[in-house]
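User: Hi! I am new to reading protein models. Could you walk me through a few labels and how they are justified?

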Amino acid sequence: MRATANDVALLARVSVSTVSRALSSPHKVSPPTLQKVQQAADQLGYLPNRAARGLVTGRTGNLALIIPDLNNPYFAGLTKEIQEQARLRGLQMFLADIDEDPSAELQVVEAVATQVDGVLLCSPRAGTDDLLAAAGRTPVVMLNRAMSPVASVVPDHRDGMIQGLRHLWALGHTEIGYVGGPRNSWSNTARQGAFLEVVADLDGVRGRDLGSFQPYFSGGVAAADIVFASEVTAVVVYNDLMALGLLDRAQRRGVHVPEELSVVSFDDIPFARSVTPHLSSIATSREEMARRALDALAVTQENAALMEEPPHHVVPVDLVVRDSTGPRPTIPIRPA
C-alpha cells in the first residue's frame with residue numbers, strides 16, 4: 001500500500017502536522033527534524049498528494065530555474081544542487097536556458113508564472129525594470145545578483161577578491177590585471193569594483209583593468225594577447241572558463257604559467273583541477289547557494305506582502321591555491 005503522512009510521522013517519531021510542515025515549508029522546522037522527516041519519507045517512498053495539497057495551500061509544488069548558459073560548468077553544477085534541494089523539499093523544477101539573452105528572462109517568467117510557486121533567476125542579465133516586473137508576477141529570488149527590492153543570494157565577491165589579490169601580493173606581484181566578463185553582468189561589476197578597491201589598499205601594487213570579454217573559453221583566448229602585452233605579472237580572471245582559454249593561448253604562445261604569469265579566477269569548476277597547470281580559483285559552495293536560494297524563496301512566498309525588505313544572503317568564498325600561481329618573475333613576459 002502507498003505510504004501515508006501518518007506512516008512517515010510514526011517512523012520519524014513526530015506529529016503528522018510536523019511532517020506536513022517539514023515537506024511544505026522546511027524552513028519552519030529545525031534541521032534535525034527536517035532530516036528525520038526526509039529520511040523517513042525516502043525510506044517509505046512517501047509521495048505527497050500534490051493535488052490535495054494544492055487545493056488547500058494554493059501551491060503547485062513547482063518552481064522554475066532560469067539560467068544564462070547550461071554549457072557553463074558552473075551553472076550546470078549549480079543547477080544540479082538546486083534540483084537536489086528542490087527534491088528534498090518535495091518540489092518539482094522547471095529549467096530554462098536563455099543562452100545569455102537578457103530579453104528572454106522576462107518572457108520566460110511571464111510564460112511560467114501561473115504554473116510555478118516561484119522563480120530562481122541565476123545571474124540575470126536583464127535591466128532593473130524587467131527584473132522588478134518579473135518579481136511582480138511571481139515570487140523571485142536572484143542568484144549572483146543583488147537588488148534591494150528582490151530577494152537574492154550572492155557570493156562574497158569582495159572577500160574573494162581580497163583573498164586572491166593578497167595571495168598574489170604575498171608572492172611578490174606588484175603589477176596585477178583584472179580580465180573582466182560581460183559589461184552587463186552584475187557579478188562582473190561587483191568583482192571589477194572590488195578589484196580596484198582592494199589593489200588600492202595593497203602597498204606597492206598597481207592594478208590594471210584589462211577590459212571586458214565574453215564569459216567563455218573563447219573570451220579568455222581573446223583576452224590573452226592583451227594580458228601578455230600589458231606587462232602585468234599576474235591576473236585575476238572573471239571566471240574559470242575564461243582562465244582556461246587564457247591558459248590555452250599562453251601555452252600556444254610559449255608563455256609559461258606560473259613562471260612568467262600567475263593566474264587566479266572565480267568559480268572552481270571541475271576543470272580547474274584537471275588542466276595543466278591546475279588552476280587557482282575562488283570557490284563558492286554551490287550547495288549553500290542552492291539551499292539559501294530555496295530558503296529565501298519559501299520566505300518570499302509566505303511573507304511577500306508583509307516584508308519591508310526581502311531576504312538577502314551573502315555566501316562565503318574560499319581561495320583554492322593550485323599550480324597556476326607562483327612568485328613574481330624576474331624577467332617580463334616574452335611570448336614566442
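User: Why is Arg 13 called exposed?

Analyst: Happy to help! This is a predicted model, and in it Arg 13 has a relative accessible area of 77%. Exposed means over 50%, so Arg 13 earns the label with its 77%.

User: Where does Arg 13 lie, and what is the phi of this residue?

Analyst: Arg 13 lies in the loop between helix H1 (5-12) and helix H2 (16-24). Its phi is positive, about 60 degrees, although Arg 13 is not a glycine. For background, most residues other than glycine have a negative phi.

User: What makes Asp 99 count as exposed?

Analyst: Use the cut-off again: exposed is over 50%. Asp 99 has 57% relative accessibility, so Asp 99 counts as exposed.

User: What is the phi of Asp 99, and where does Asp 99 lie?

Analyst: Phi of Asp 99 is near 55 degrees, a positive value in a residue that is not glycine. You will find Asp 99 in the loop between strand E2 (92-97) and helix H6 (102-112).

User: Which omega goes with the cis peptide bond from Val 257 to Pro 258, and where is Pro 258 found?

Analyst: The omega of that cis bond is near 10 degrees. Pro 258 sits in the loop between helix H11 (240-253) and strand E9 (262-266).

User: What about the peptide bond from Thr 276 to Pro 277: cis or trans?

Analyst: That bond is cis, with omega near -5 degrees. Pro 277 is in the loop between E9 and strand E10 (280-284). As a general rule, most peptide bonds are trans.

How values were computed
Residues numbered from 1 in each chain as written. Predicted model: local features only at pLDDT ≥ 70, side-chain atom pairs only at ≥ 80, totals over all residues. Heavy atoms only, no water. Helix = DSSP H or I, 4+ residues; strand = E, 2+ residues; numbered from the N terminus. Buried < 20%, exposed > 50% of the residue type's maximum accessible area, 1.4 Å probe, protein only.
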